[in-house]
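Student: Could you walk me through this one? I'd like to start with what a word like "buried" stands for.

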Amino acid sequence: RGSHCQGLNVISLESLHTFAHFSPQKLPYDEFVQLVKGELMWREMSKSVEALKTYYIQSLTVRSTSSLDELPIELEGDVYPLNELTSISKKDPKRLVIDASAFPQAVKTVVEAIRNSGMNLNPQQEGLTIYVPIPKITKEHRQNLAEGAKKKMTECKGNIKKIQNNFQKKVNDDELADKITKDDSRLALDTIKVIADHFQSQAEGLCATKTKDLLGQ
């Protein structure tokens, strides 16, 4: 039932059957899917964890400037890696030089994305050129990166919580409208929480592993 989430070390949709079945109240999978769009919820939460994992792998390293190529940039409703929108020069060992003349409307967004990336970088804009000083790999730099990892984990957990709240609200609304019984509502709500807790734990685990890596432990 369903398909594996590609490239992600999480329980597959097939396991949702077992996972829902072994919720604290033993809510059968078929009933859970009938009460809640369970596989949709699973995919949405899984996507949040996958995004966190991808960010940690591609963008958050001790030498973060080498990973700026893949930094996601929002532009006109879509998301692109930085190297598709700009030209990035790495010739200067002390700083990156980013030429944003191909998409001048993206300059401010690029600067903000770099500054808010959690990579401990301080970009400076001059016209359509962005200069990014490369920080020395000090203990303080490592600690700042670890804080960036924690920040991204907190964002991920917030997204999961938001998804949880949306699906729980639908169950509560259905109960109020007498579409489902109070007992079924309670079982569904509890199972949603169990699944959300699972993904919250995954995000925490990814962050703990990444933090050790960043701190050189």
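Tutor: Buried means under 20% relative accessible area, and please keep in mind that this is a predicted model.

Student: Okay, so which residues of α3 are buried?

Tutor: In α3, the buried residues are G38, E39, M41, W42, M45, S46, S48, V49, L52, Y55 and Y56.

Student: And how far apart are the end C-alpha atoms of α3?

Tutor: They lie 30 Å apart, which agrees with the expected span, because the 21 residues of α3 at 1.5 Å a residue should span 30 Å.

Student: Switching topic, what volume does the largest pocket have?

Tutor: Its volume is about 890 Å³, and of the 28 residues lining this pocket, those closest to the centre are A51, P72, E74, K152 and E155.

Student: Which elements give two or more residues to that lining?

Tutor: Those elements are α3 (38-58), β1 (72-75), α5 (107-115) and α6 (139-176), and the largest share, nine residues, comes from α3.

Student: What about the lining by class?

Tutor: The lining of the largest pocket has 10 nonpolar residues, together with nine polar and nine charged ones.

Student: You mentioned β1, so which way do β1 and β2 run, parallel or antiparallel?

Tutor: They run antiparallel, with four bridges joining β1 to β2, the strand of residues 78-81.

Student: What is the bridge partner of E74 in β2?

Tutor: The partner is V79, and E74 is also one of the residues closest to the centre of the largest pocket.

Student: And what's between the strands of that hairpin?

Tutor: There are two residues between β1 and β2, and in this hairpin E76 takes a positive phi near 55°.

Definitions and conventions: Residues are numbered from 1 along each chain as its sequence is written. This is a predicted model: local features need pLDDT of at least 70, side-chain atom pairs count only at pLDDT 80 or more; totals for chains, interfaces and linings use all residues. Side-chain values use heavy atoms; hydrogens and water are left out. On a 1 Å grid over the protein atoms alone, a cavity is a set of points where a 1.4 Å probe fits but cannot get out, and a pocket is an open set with protein on both sides within 12 Å along at least five of seven lines; lining residues have an atom within 4 Å of a point. Grid points are joined across faces, edges and corners, and a volume is the space filled by probe spheres set on the points. Ala, Val, Leu, Ile, Met, Phe, Trp, Tyr, Cys and Pro count as nonpolar, Asp, Glu, Lys and Arg as charged, and the others, Gly among them, as polar. The expected span of a helix is 1.5 Å times one less than its number of residues. Buried means under 20% relative accessible area, exposed over 50%, partly exposed in between (1.4 Å probe, protein chains only). Two strands pair if DSSP finds at least two bridges between them.
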